[in-house]
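Got your viewer open and a selection box ready? Let's take a walk through this one, stop by stop.

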Amino acid sequence: MKCVRSAAAAVVCMALPALAQAAELDGARLSVLWAVPFAGLLLSIALMPLLLPNFWHHHFGKVTAAWSLAFLIPLVITHGAGAAAVNFVHALLAEYLPFVILLTALYVVAGGIYIRGSLTGTPLLNTGILALGAVLASFMGTTGASMLLIRPLIRANAHRSKVVHIVVFFIFIVSNAGGSLTPLGDPPLFLGFLKGVDFSWTLLHIWPHALFLVGVLLLMFFVLDTWISRHDDNKLPEPVSDQAREALGFDGKFNFILLGAVVGLVLLSGMWKSDVVFDVAGTPVGLPGLVRDVGLIVVALVSLALTPKAVHESNQFGWGPMQEVAKLFAGIFLTIIPVIAMLKAGVDGPFAAIVRAVTEPDGSPNNAMYFWATGALSSFLDNAPTYLVFFNTAGGDPVTLMGSMAPTLIAISAGAVFMGANSYIGNAPNLMVKAIAEDRGVAMPSFFGYLLWSGCILLPLFVVMTLIWF
């Protein structure tokens, strides 16, 4: 990451005289070759942990930096230092920093809450935790719910030798599907809220889809976990006496207040309208967003300062998982710039076939294709800008989309949120949960191994959902 920072500083310094002339990339004029650094980074995330595990573990930051430079250097050469600086600053200030600040705040605050008690990971308890996480995810975000519950779930199943399926279903349910009911649940829905979609609209229109998906996944998990537990090498621990049993409780309870502060700051930034805007190298930084980010940093620092050391030790709190996510997504947010620009170009860009596929010959929307196109891209791209691309492709008018085109907005919203579970990089909590699980000794599937899980379990359910609703 040091070389990324150095290169970034150099780009910005060279660009200062030309910033006024620089502009957004015109996706209609870009070659599909500009997507190579992004594809290369994704392939590195997918293959290197499998083929070169030791190298990847020690040098994934350098690999990410190399692919970032593979985009930045050609951009400086072909479009000028000004355009490179503008796009870099925009990705940093408008997308990456708000993203990583929110994730860090949730990671720190949730890491300061220790759920104590004599929890034994039976199929019924595990299913109950996943169901609880699904409910919490729509009100404290998929990241907040994931960070709060993944540690006690892994701890409750420490006696079992086969726990990979538990973490995989946790990603399916808590880190993705559960966040589909409110704008607090997942970033795409929050962007829709900022664009004018009513706060309660998603809850009123997507609850049948969410109930079906979460309900079927919970049933499948219970059956699978019951079968695996009966064939597990490790048996349930001996029952403890009532005197020795530790009652369910929480240490670091004040972090729940801080968690509420995080939710409040996010909501405030979406509801507060202000004309105060700071222009930073061509990127507008609004006062509400600035207050939100500074507030989140303060919340994280307060949590770190006030949480007893014993709570962090009990949670095995460490910075490794957060550092991994921050480094990888720094490269993803940078190399994705031309991909999003080409998608925004619509029928005039290299990905015109994707955009045309969601529209019938008579001009009416093909809702099934909206569901699958939004979902397929959200599986491997950032699902927030993907949501915006198809939101605008469908007209971009929130009143129309909530009214006569409600089925189309449902398809876009469901595709963006539900199919973020298809890969580790489809949604930020996926990678964080994977990193925490591996930090606890769980041998998580490789990138392609996880795709096999999602392909066998999720894709058939999405086909059924298409037949029922789209």
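What pLDDT does the protein average, and what share of the residues score at least 70? This is a predicted model, so colour by confidence before anything else: the average is 82, and 90% of the residues reach at least 70.

**Stop 1: the confidence extremes.** Select residues 2-15, helix α1, where confidence is lowest at a mean of 42. Then jump to residues 164-173, helix α6, where confidence is highest, at 94. Widen the first selection to residues 1-22: pLDDT is below 50 over this stretch, and the model gives the stretch 26 contacts beyond near neighbours in sequence. Residues 240-244 also have pLDDT below 50, with two such contacts in the model. Where pLDDT is low, predicted coordinates should not be read in detail.

**Stop 2: the core.** Now show Leu 130, Phe 172, Ile 173, Leu 217, Phe 329 and Phe 418 as sticks. These are the residues with the most contacts inside the largest nonpolar core, which has 133 residues. To see where the biggest contribution comes from, select helix α4, residues 81-111, which gives 15 residues to this core. Next, centre on Leu 217. Which residues does Leu 217 touch, not counting those up to four places away in sequence? Pick out Phe 169, Phe 172, Ile 173, Ile 457, Leu 458 and Leu 461. As background, nonpolar side chains in soluble globular proteins tend to be buried together.

**Stop 3: a nonpolar patch on the surface.** Switch to a surface view and select Val 276, Phe 278, Val 280, Leu 290, Val 294, Val 298, Val 302 and Leu 306. Together they form a nonpolar patch with about 610 Å² of accessible area. Strand β3 (277-280) and helix α10 (287-306) each give two or more residues, with α10 supplying the largest share, five residues. Click on Phe 278, which sits in β3. Phe 278 counts as partly exposed because its relative accessibility is 40%, between the 20% and 50% cut-offs.

**Stop 4: a serine under cover.** Go to Ser 68 in helix α3, residues 53-79. Is Ser 68 buried or exposed? It counts as buried, because its relative accessibility is 3%. Show Gly 331, Leu 334 and Thr 335 as well: Ser 68 touches these, leaving aside residues up to four places away in sequence.

**Stop 5: salt bridges.** How many salt bridges does the structure hold? There are four, and three are worth a click.

- Asp 225 and Arg 160: their side chains meet at 2.7 Å, N to O. This pair links distant parts of the chain, 65 residues apart, with Asp 225 in helix α8 (residues 201-230) and Arg 160 in the loop between α5 (123-156) and α6. Asp 225 is buried at 0% relative accessible area, and Arg 160 is buried too, at 7%.
- Lys 434 and Glu 438: the closest N and O atoms are 3.0 Å apart. Both residues lie in helix α19, four residues apart, about one turn of the helix. Lys 434 is buried at 11%, whereas Glu 438 is partly exposed at 33%.
- Asp 439 and Arg 440: here the closest N and O atoms are 3.3 Å apart.

**Last stop: Asp 439.** Stay on Asp 439, in helix α19, residues 428-439. Asp 439 is partly exposed, with a relative accessible area of 47%. Finish by drawing a distance from its C-alpha to that of Pro 321: the two are 118 residues apart along the chain, yet their C-alpha atoms are separated by 7.7 Å.

Conventions: Residues are numbered from 1 along each chain as its sequence is written. This is a predicted model: local features need pLDDT of at least 70, side-chain atom pairs count only at pLDDT 80 or more; totals for chains, interfaces and linings use all residues. Side-chain values use heavy atoms; hydrogens and water are left out. A nonpolar core is a set of buried Ala, Val, Leu, Ile, Met, Phe, Trp, Tyr and Cys residues joined through side-chain atoms within 4.5 Å. Buried means under 20% relative accessible area, exposed over 50%, partly exposed in between (1.4 Å probe, protein chains only). Contact means heavy atoms within 4.5 Å. Patches are made of residues with over 30% relative accessible area and no salt bridge: like charges are joined within 9 Å, nonpolar side chains (Val, Leu, Ile, Met, Phe, Trp, Tyr) within 5 Å. Accessible areas come from the Shrake-Rupley method with a 1.4 Å probe; for residues, only the protein chains shown count as cover. pLDDT is the predictor's confidence in each residue, from 0 to 100.
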